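Q: Please take a close look at how the strands in this model are arranged. Begin with the terms, then describe what is there.

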Amino acid sequence: MRVVDFNQLPRASRERFIAALRAPGYAFGGNGPVFSQVSGSGAVAGWILLLLASGGALLAFTTSHYGSPWAPRQSAGYLVAYVGLAFLGLLAVVGLIRRSIVSKALPFAPGVYLFPLDLVVARSKDLVIRPLSTLLRLQPTHHYRNGFYSYTSFDLAFEGGFGVTFTVGGREIAERQLDALRYAQRQISEALERGDMNVLAALDPFMEARVQDFRPVMEPGPVAAGLPAWTRFGWAIALGAGVVLGVPTWLVRNLVSDEAAYRDLRRYESTYSLEAYVSAGGRHADEVRTYLIPRAYLKKAKEEPKEKRVQAIEKFLKDYPNSTVEADARAALADALHGEFLSRTTVTQLREFVKTWPGAADAPAARTKIHALYQRSLADFRAHANPNDKNVVPVVEALIGWMESHESPPLEVTFHRKNAPSLAAADKLIAKGLLDDDGPARGGNAQVSSHFTQAQAVTRETAVVRALEKGFRQVFPADILPLKRGDDAKDADGSAPAIVVDYEVGWSGTTYVGRDSGRRFVGIMVRFEVGVKVPNEPRTLAFAMRVEPPESFTVDYTKWDSSFRSAMGKSYGTSPTGGPSDAQVYDVMALRAFDQLSTKMKNAFFDAETASAKGYAAAAPKKAAPKRAADDDDDDLGDDL
């Protein structure tokens with residue numbers, strides 16, 4: 001191998017070399033190289049592609065998450081990418097510049113060329129010439145893709161480990177070029193034997209220089225300019241410039257992106273974005289944390305629906321105490337509390353308001369409003385009070401006053417019951433048939449005591465309380481005067497208002513026989529004593545009554561349309577004889593008594609018109625004709641007693 005300065009070759013060799021590179025190859029009838037690898041448009045295209053790819057990637061990295069509050073600044077790991085991409089882009093620029101300088105400096109196209117005698121690497125004015133006598137191997141390879149021929153490669157290996165590959169597109173052309181190389185080498189051998197310089201001159205562009213053993217000569221003619229020294233260190237220049245440009249680009253990008261994110265945060269004030277910006281460590285994180293985030297959460301709380309607004313603002317004040325917008329939050333809470341106060345219309349709602357927000361500006365007004373509701377209910381009661389008892393209004397006024405001062409606990413209606421000895425006596429008499437004055441009943445005898453136990457009494461008493469409460473609702477809302485059935489085991493101790501009902505169930509001395517069932521029943525009588533007492537009120541409401549059974553009555557055992565009866569929530573079957581069950585018959589007798597008790601209690605409080613108002617008074621059981629009569633129709637089954 002020898003390195004030869006192109007400018008120190010004989011003029012004839014220089015001109016012949018330039019002409020040979022422009023002429024067709026030996027395989028095509030010219031004296032050009034057999035194989036060529038020209039550094040031309042392909043290299044330029046490669047540098048351009050590298051420049052575009054690195055520039056596009058750098059642009060993508062620069063715009064990735066730009067202005068995002070979740071990632072306003074890129075981490076230091078991105079700095080490596082910025083420097084690397086800047087290096088590749090600048091390397092492409094250096095390559096293009098070097099290529100332009102080389103194309104202007106050399107009178108021939110730079111590349112690698114194979115002649116019959118030598119392999120010439122001509123990429124600068126210093127030509128590297130390797131004689132083919134040092135060629136160790138020439139390996140042609142045909143390449144195929146999907147079964148179809150693509151191209152042929154020629155791999156050349158020289159002494160010293162140097163190698164080069166030429167590619168040829170076309171199998172026939174490749175074979176022709178290989179044959180041309182072998183033929184040219186035979187021609188050279190024969191010309192050397194004959195001493196035919198003309199043949200050697202045609203096959204060897206360096207014949208004149210070779211004859212002079214490539215001794216340097218200085219002759220006019222085409223010359224190649226030298227390349228600037230920096231072109232040998234293009235990669236180092238690109239790397240240094242990549243660091244110089246990549247680092248500032250990363251810093252400036254982060255600064256501008258952070259400012260864009262902060263600008264959008266101030267414009268939209270999204271709580272999620274603000275929290276994300278702080279978590280990501282933005283440059284303005286302290287300002288966002290202390291000002292923007294509280295302001296955004298306060299705005300969000302103020303935009304909640306009215307029913308949730310107060311709680312939302314209170315939660316904000318708890319989560320962000322002493323914030324920069326605390327004054328605004330306090331003002332917003334006051335407005336929300338006033339709206340909450342205006343929406344409260346019942347005693348329960350107003351009490352809840354005062355209990356929940358005792359320090360609210362409207363708390364005194366809420367207490368005043370509660371008192372006004374009690375007074376309005378009292379005024380309504382006075383207009384409908386029982387005019388026949390002078391104690392009614394004072395007792396009820398004391399009752400409502402006590403309820404107001406104690407936040408209206410339920411007024412308990414307590415029952416004290418007992419069965420008279422006459423019930424047990426009646427059971428013994430009817431069991432022995434001693435009450436069969438008109439002969440034995442064909443349906444048998446029904447004992448009575450078992451149908452007036454404590455469990456059965458509770459159901460009837462609860463129905464009385466429901467009916468009485470329904471009447472009170474016309475004047476007193478449930479949160480002003482609620483009623484409930486009290487604990488019978490506890491006596492009223494006078495510490496709270498109470499309605500106490502003492503009653504006794506006994507035998508009336510009569511019996512009844514069902515028209516259809518033919519079953520005998522014992523008639524019952526109920527004595528009631530009722531008292532209404534209020535703490536610190538000397539006057540009371542009290543009355544007593546006795547309910548006797550009628551001469552006859554009807555038991556409807558397919559319909560249960562009485563509002564008072566349906567309040568008991570009971571259902572009955574039929575007796576073995578096909579008529580009403582014993583329980584239903586005795587319930588009808590008891591209901592008549594409790595029906596009259598309910599009516600009496602309502603009349604004790606209200607005037608006649610209010611006490612008998614529709615939906616207020618309980619329906620009384622229908623009284624049958626005194627005579628035993630047949631059923632009117634088969635679909636409405638009943639039994640007359």
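A: Two strands pair if DSSP finds at least two bridges between them. Strands (E, at least two residues) and helices (H or I, at least four) are DSSP runs, numbered from the N terminus. The model is predicted, with local features needing pLDDT of at least 70 and side-chain atom pairs 80 or more, while totals for chains, interfaces and linings use all residues. Residues are numbered from 1 along each chain as its sequence is written, and side-chain values use heavy atoms, with hydrogens and water left out.

Take the open sheet of three strands, whose order is β6-β7-β8 and whose pairing is antiparallel. Its edges are β6, residues 135–145, and β8, residues 163–168, and each of these pairs on one side only. On average, neighbouring strands here are turned by 20 degrees against each other, direction ignored; such angles, from 0 to 180 degrees, are taken between the N-to-C directions of lines fitted to C-alpha atoms, for helices over the stretch in contact.

Strand β7 covers residues 148–158 and is joined to β8 by six bridges, the two strands running antiparallel. Within this pairing, A157 faces G163 of β8. Helix α4, residues 171–194, packs on the sheet and touches β6, β7 and β8, where contact means heavy atoms within 4.5 Å. The direction of α4 makes about 170 degrees with that of β6.

Another open sheet has five strands in the order β1-β5-β4-β3-β2, also with antiparallel pairing. Here β1 (2–5) and β2 (35–38) are at the edges; each has a single partner strand, so one side of each lacks a neighbour in the sheet. In this sheet the average turn between neighbouring strands is 15 degrees, direction ignored.

The partner of β2 to look at is β3, which spans residues 111–114 and is joined to β2 by four bridges. These two strands run antiparallel. One of the bridges can be followed by residue: F35 has L114 of β3 as its partner.

Strands also help to cover helix α14. Its buried residues (under 20% relative accessible area, 1.4 Å probe, protein chains only) include V392, V395, L399 and W402. Among the elements that cover the buried residues of α14 are the strands β9 (411–419), β13 (520–533) and β14 (541–547). Helices take part as well, including α12 (347–356), α13 (363–384) and α18 (582–605). After α14 comes E407, with a positive phi near 60 degrees.

Methods: Buried means under 20% relative accessible area, exposed over 50%, partly exposed in between (1.4 Å probe, protein chains only).
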